[in-house]
Amino acid sequence: MAQLATPPSSIHISTHPCVRAKLSQIRSKDVNARETQSLVHEIALIVACDALASELQTVSSGTGETPLGYEYTTETISPKIALVPILRSGLGMVDALQSLLPAPVAVHHLGLFREPTTLQPVEYYNNLPYHRPSNSSADHTLSLHPDIAILLDPIIATGGTSVAAIQTLLEWGVKKVIVIAILASVGGLRRAIAEGGREGEVEIWVGGCDPEVDSRGMIRPGMGDVGDRLFLTIGK
């Protein structure tokens, strides 16, 4: 496992023993799709706990009553957030975040793939809502434009996909992008922070870091193509 010599304050690499052990497990070629999904979920949950503890605040939301009739102050989180998984592999992290958050939040999707020759990202799907909801919206609270977008992508290899997705979200109008990933390369992390946005606009939280990528843009040693492993499309 590699470590950045002097990581920027906006890059956070987990040192949690359980994350390191689970990364060791998920790297194996013998782990099947169901086990891969479970490990992605578990690592994402631990990394997200640290990320959200740092990035969110608690605010009072009113009062409630216990089964014994005692009144208490209710609390919720702030600011408003939305989840944005990158298709396909980011879908494997959504359930972990949804189980962690205290209330439902909007989930938007970005589809990007790397062009095989240039390794440059190509966007093929974007369902970010480019309109403000009307007052008659059935679920107005879920539709409001978020302050923070939580970008979910298991792998940050060359960093190109992360940069493209971050820039898309900032152009959409969010104030900050929090990237949650399972594994990254040293170069990918540095590029995502350097090119993704201005200082304070991007934070990256990742389970682990490997030293390099190979000629195909895959992390070495890495954990393979997570999307293929999750959806049994290896060799497509």
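Is S10 buried or exposed? Select S10 in the segment before strand 1 (11-13); at 12% relative accessibility, S10 counts as buried. Buried here means under 20% relative accessible area, exposed means over 50%, and partly exposed is in between, with a 1.4 Å probe and protein chains only. Strands (E, at least two residues) and helices (H or I, at least four) are DSSP runs, numbered from the N terminus.

Before moving on, some ground rules. You are looking at a predicted model, where local features need pLDDT of at least 70 and side-chain atom pairs count only at pLDDT 80 or more, while totals for chains, interfaces and linings use all residues. Residues are numbered from 1 along each chain as its sequence is written, and side-chain values use heavy atoms, with hydrogens and water left out.

**Stop 1: around S10**

Keep S10 selected and show its contacts, meaning heavy atoms within 4.5 Å. Leaving aside neighbours within four places in sequence, you should find I193, V202, E203 and I204.

**Stop 2: helix 2**

Now pick residues 33-55, which make up helix 2. This helix has 23 residues and reaches 32 Å from its first C-alpha to its last, close to the 33 Å expected at 1.5 Å a residue. The expected span is 1.5 Å times one less than the number of residues.

Zoom in on the start of the helix. There, a side-chain oxygen of N32 comes to within 3.1 Å of the backbone nitrogen of R34. That is a polar contact: a pair of N or O atoms within 3.5 Å, where within protein one must be able to donate a hydrogen and the other to accept it, and residues adjacent in sequence count only if both atoms are side-chain atoms.

**Stop 3: the cores**

A nonpolar core is a set of buried Ala, Val, Leu, Ile, Met, Phe, Trp, Tyr and Cys residues joined through side-chain atoms within 4.5 Å. Which residues touch the most other members of the largest one? Select I150 and I180: they do, out of 34 residues. At least two residues each come from helix 1 (17-26), helix 2, strand 4 (81-87), helix 3, strand 8 (148-152), strand 10 (176-185) and helix 7 (226-231). Helix 2 gives the largest share of this core, with nine residues.

Center on I180 next. Beyond its neighbours within four places in sequence, I180 is in contact with V47, A48, A51, M93, L97, I150, L151, L152, D153 and W205. Apart from this core lies another, of 30 residues, including V84, L128, A181 and I193.

**Stop 4: the aromatic pair**

Searching the whole structure turns up one aromatic pair. Select F113 and Y124: the pair is tilted, 6.1 Å centre to centre, with 40° between the planes. Rings of Phe, Tyr and Trp (its six-membered ring) pair if their centres lie within 6.5 Å; planes under 30 degrees apart count as stacked, over 60 as edge-to-face and the rest as tilted. F113 lies in strand 6 (residues 110-114) and Y124 in strand 7 (residues 121-126), so the pair ties together parts that are eleven residues apart in sequence. F113 is partly exposed at 39% relative accessibility, and Y124 is partly exposed at 45%.

**Stop 5: C18 and C49**

How many disulfides are there? The count is zero, a disulfide being a pair of cysteine sulfur atoms within 2.5 Å. Put a distance line between C18 and C49: the sulfur of C18 is 12 Å from that of C49, its closest cysteine sulfur, which is too far for a bond. Both residues are partly exposed, C18 with a relative accessible area of 40% and C49 with 35%.

**Stop 6: R216**

Jump to the loop between strand 12 (212-213) and strand 13 (219-220), where R216 sits. R216 is exposed, with a relative accessible area of 59%. Not counting residues up to four places away in sequence, R216 touches R114 and L119. Add E115 to the selection: R216 and E115 are 101 residues apart along the chain, with their C-alpha atoms separated by 11 Å.

**Stop 7: backbone oddities**

Most residues other than glycine have a negative phi, and most peptide bonds are trans. Look at L87 to R88, where the peptide bond is cis, with omega near 0°; R88 lies in the loop between strand 4 and helix 3. Another cis peptide bond joins R220 and P221, with omega about 0°, and P221 is in the loop between strand 13 and helix 7.

End the tour at L232, in the segment after helix 7. L232 is not a glycine, yet has a positive phi of about 55°, and at 71% relative accessibility L232 counts as exposed.
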